[in-house]
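Here are a few short exercises to work through with the model open beside you. Try each one before reading its solution.

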Amino acid sequence: MEIKKIDYDFSVCKVKDFSKVNLDNEYCFIGKTDEENSLVCITENIPENVTEREDGWKAFRIQGVLDFSLIGILSKISTLLAENKIGIFAISTYNTDYILTKKDNYNKALDVLINAGYQVV
């Protein structure tokens, strides 16, 4: 399986509302619940109405379009990283999964995946 590095710094945020979020930005993940409005975006694209934020994330994705019948892909990767004391923030989209790690663990995470047989590009 191929892992694609994404060469941006990311932030995980809470926003007051989504009115200032630019959905045309290359990476913009939003979530809304009864408790919060969440945003994950490239750090330089953080909108002005952020109420909380955590910077210092790097990302990679599972390359290609994943069929919904595939089971355990994210679980295998998260288990490998957890066994190596690497925390993750996972985002699933219709096509695939994105995994974020803190910057200081990013290269270690990629090394763990390479050693487990994943191809990193």
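**Exercise 1.** At what angle do helix α1 and helix α2 pack, and how far apart are their axes?

*Solution.* Keep in mind that this is a predicted model. Begin by finding the two helices: α1 covers residues 73-83 and α2 covers residues 103-115. Their packing angle is about 120 degrees, and the axes lie 10 Å apart. Next comes the handedness: α1 and α2 cross in a right-handed way. Now look at the residues that touch. On the α1 side these are I77, L80 and L81, which meet A109, V112 and L113 of α2. Finally, sort the residues of this contact by class: six are nonpolar, with no polar and no charged ones.

**Exercise 2.** Find out how many disulfides the structure holds, and explain the result for C28 and C41.

*Solution.* The count is zero. A disulfide is a covalent bond between the sulfur atoms of two cysteines. Take C28 to start with: its closest cysteine sulfur belongs to C41, and because the distance is 6.5 Å, the two are too far apart for a bond. Then turn to C41, whose closest cysteine sulfur is in C13; at 4.8 Å that is also too far, so no bond forms there. For reference, the cut-off asks for sulfur atoms within 2.5 Å.

**Exercise 3.** Describe the largest cavity by its volume and its lining.

*Solution.* Start with the count: there is one cavity of 30 Å³ or more. The space inside the largest cavity is about 30 Å³. Walking along its lining, you come across V21, N22, N25, Y27, C28, L39, C41, N45 and P47. Grouped by class, the lining has six nonpolar and three polar residues, and no charged ones. Note that C28 and C41, from the previous exercise, appear in this lining.

Terms used
Residues numbered from 1 in each chain as written. Predicted model: local features only at pLDDT ≥ 70, side-chain atom pairs only at ≥ 80, totals over all residues. Heavy atoms only, no water. 1 Å grid on protein atoms, 1.4 Å probe; cavity = no way out; pocket = protein on both sides within 12 Å on 5 of 7 lines; lining within 4 Å. Points joined across faces, edges and corners; volume = space filled by probe spheres on them. Nonpolar A, V, L, I, M, F, W, Y, C, P; charged D, E, K, R; others polar. Axes fitted to C-alpha atoms, helices over the stretch in contact; angles between N-to-C directions. Helix = DSSP H or I, 4+ residues; strand = E, 2+ residues; numbered from the N terminus. Left-handed = near helix turned anticlockwise from the far one by under 90°. Contact = heavy atoms within 4.5 Å.
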